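Grab a pencil and work through these exercises one at a time. Try each task yourself before you read the solution under it.

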Amino acid sequence: MILVDDAGGDWPMIAHAPWNGCNLADFVMPFFLFIVGVSIALSLKVNYKLESSHNSTTVSMLLHKNWITHLFCFQRISNKCEACKKVCFRTCKLLFWGLLLQGGFSHAPDELSYGVDVTMMRFCGILQRIALSYLVVALIEIFTKDLHEENLSTGRLSIFKSYYCHWIVGVSVLVIYLATLYGTYVPDWEFVVNDKDSILYGKIQSVSCGVREKLNPPCNAVGYVDRQVLGINHMYHHPAWRRSKACTDDSPYEGALRQDAPSWCHAPFEPEGILSSISAILSTIIGVHFGHIIIHMKGHSARLKHWISTGLVLLTLGLTLHFTHLMPLNKQLYSFSYICVTSGAAALVFSSLYYLVDVLEWKHMFLPLKWIGMNAMLVYVMGAEGILAAFFNGWYYRHPHNTLINWIREHVFIRVWHSKRVGVLMYVIFAEILFWGLVTGVFHRFKIYWKL
């Protein structure tokens, strides 16, 4: 997330795709949700035994050391009411941090101001979407635990049959999403431009729609639902579509909007909105399935075969939907093809890490990732959300731009590489990601963790 947020402006191929498509940044959210699902299956493993997993490094990290477990795990709980209380409490804490960090209260790291006009407060965000998916899937896991067979039959589909309730919910979520996406009538709408840098600031703009089944930026049902439920002022005011060719001549880079740009280029859009967050629950359900494989299947080979085959099926299905133009890959809409491709990619990455760490036992090379993962909330708040950078930017010499961070980026990286793009990339890798790897390594040494 730090990489794509801080270097994406100079490297569009790693930033979010303006609309259709899938760049590196578009894998971050579904990977989050996937590993949340894996962790739910392990942390709520009531009455299960991980007999074949006691010596598994990957499983051990997920259960005891992984960042998701530090966010969500609790001891074996036989009381459903107690489990639900813990899940709901963690959900509330995620919602609180999400509203505080992305609701607009903090303008870090560049603007040294705090406070938010509640009439313009953003309601949705990354942590809010994780909270919703976690809440729904964790409750399913809790209330269906008595239906699970501890010892599954040897049939290939037995794992699916045992957890049929999860897949019923997944199918229901998909049906609700698709029915709303393609069945909702989107009327014409208007908005007031709130961008103070725009020549249209304060003016009312109208957008012509009056259609169904459209997946384009101005007239899709995802945006319509958010405008009706959240209110347009409570949506994200700098959507990725501003980098599209229809909006700026600098596309795919971010630049000034064209004078003849369509009116919707000036409008807000919520990439973590209501309908798309309902669809995102499916990513977590797929992750839970992978966690169930760890619990029930014994041996590296059986697990890897199931994970890899499932990942390849998801990738094939998603790419087929995209390239046949039945349903494009779209992170902003969280389309079904996007779910399939990103979940398939997460499955293959997870399988690769499992193979490297558990089978080949290449443990030491992944220690920095482990340290960061164990204090991910610290890194997210202080690093990805720029709180630490804002603190240092608060101390400047004569001019607000003359800060220590800007000086390091300009003189230590950009001038050395004689390229702004390369210099920014090197700065993010070494001065941010590596820095947080070392900080969290020290914290790990003294067993300091920021848990929810």
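**Exercise 1.** Is Phe350 buried or exposed?

*Solution.* Keep in mind that you're looking at a predicted model. Start with the number: Phe350 has a relative accessibility of 8%. Now bring in the cut-off, since buried means under 20% relative accessible area. At 8%, then, Phe350 counts as buried.

**Exercise 2.** What kind of aromatic pair do Phe34 and Phe350 form?

*Solution.* First, the background: you describe a pair of aromatic rings by the distance of the centres and the angle of the planes. The structure holds 19 aromatic pairs. For Phe34 and Phe350, the ring centres are 6.0 Å apart and the planes sit at 65°, so this pair is edge-to-face. The cut-off behind that step is that planes over 60 degrees apart count as edge-to-face.

Next, find the partners in the chain. Phe34 belongs to helix H2 (residues 28–43) and Phe350 to helix H12, so the pair links distant parts of the chain, 316 residues apart. Phe34 counts as buried because its relative accessibility is 3%. Finally, look around the pair: Phe34, Phe290, Trp307, Phe350 and Tyr354 form one aromatic cluster.

**Exercise 3.** Where is Tyr334, and what is the sign of its phi?

*Solution.* Begin with the place: Tyr334 is in the loop between helix H11 (300–323) and H12. Then check the backbone. Most residues other than glycine have a negative phi. Tyr334 has a phi near 50°, which is a positive value in a residue other than glycine. As for its surroundings, Tyr334 is buried, with a relative accessible area of 0%.

Now do the same for His418. This residue is in the loop between H16 and helix H17 (420–445). His418 isn't a glycine, yet its phi is positive, at about 55°. With a relative accessible area of 74%, His418 is exposed.

**Exercise 4.** Which peptide bond is cis, the one from Ser251 to Pro252? Say where Pro252 lies, too.

*Solution.* Recall that most peptide bonds are trans. The bond from Ser251 to Pro252 has omega near 10°, and it is cis. To place it, go to the loop between helix H9 (221–229) and helix H10 (274–296), where you'll find Pro252.

**Exercise 5.** Which parts of the chain does the salt bridge of Glu272 and Lys331 tie together?

*Solution.* Start with the contact: the side chains of Glu272 and Lys331 meet in a salt bridge, 2.6 Å from N to O. Glu272 lies in the loop between H9 and H10, while Lys331 lies in the loop between H11 and H12, so the pair ties together parts that are 59 residues apart in sequence. Both Glu272 and Lys331 are buried.

Then widen the view. A network of salt bridges links Arg122, Glu270, Glu272 and Lys331. The structure holds eight salt bridges. One of them joins the side chains of Asp260 and Arg258 at 2.9 Å, N to O. Here Asp260 is exposed, with a relative accessible area of 55%, and Arg258 is partly exposed at 26%.

**Exercise 6.** Which residues form a nonpolar patch on the surface?

*Solution.* The members are Tyr355, Val359, Leu360, Trp362 and Met365, and together they have about 470 Å² of accessible area. Pick out Trp362 for a closer look: it sits in the loop between helix H12 (336–359) and helix H13 (367–374). At 44% relative accessibility, Trp362 counts as partly exposed.

From Leu360 in the patch, step across to Val412. These two are 52 residues apart along the chain, and their C-alpha atoms are separated by 38 Å. You'll find Val412 in helix H16 (residues 404–417), where it is partly exposed, with a relative accessible area of 38%.

**Exercise 7.** How much helix do residues 378–397 and 424–443 have?

*Solution.* UniProt, in an unreviewed entry, places the feature "transmembrane region" at several spans, including 378–397 and 424–443. Take 378–397: the chain there is 70% helix and 0% strand, and the end C-alpha atoms are 28 Å apart. Now take 424–443: this span is 100% helix and 0% strand, with its end C-alpha atoms 27 Å apart. Tyr427 has a neighbour to spot as well, as Arg409 lies over the face of its ring, 5.4 Å from the ring centre.

Technical notes
Residues are numbered from 1 along each chain as its sequence is written. This is a predicted model: local features need pLDDT of at least 70, side-chain atom pairs count only at pLDDT 80 or more; totals for chains, interfaces and linings use all residues. Side-chain values use heavy atoms; hydrogens and water are left out. UniProt positions are given in the numbering used here, feature names are shortened, and annotations may be inferred rather than shown by experiment. Helices (H or I, at least four residues) and strands (E, at least two) are DSSP runs, numbered from the N terminus. Buried means under 20% relative accessible area, exposed over 50%, partly exposed in between (1.4 Å probe, protein chains only). Patches are made of residues with over 30% relative accessible area and no salt bridge: like charges are joined within 9 Å, nonpolar side chains (Val, Leu, Ile, Met, Phe, Trp, Tyr) within 5 Å. Accessible areas come from the Shrake-Rupley method with a 1.4 Å probe; for residues, only the protein chains shown count as cover. A salt bridge is a side-chain nitrogen of Lys or Arg within 4 Å of a carboxyl oxygen of Asp or Glu. Rings of Phe, Tyr and Trp (its six-membered ring) pair if their centres lie within 6.5 Å; planes under 30 degrees apart count as stacked, over 60 as edge-to-face and the rest as tilted. A charge sits over a ring if NZ of Lys or CZ of Arg is within 6 Å of the ring centre and within 35 degrees of the ring normal.
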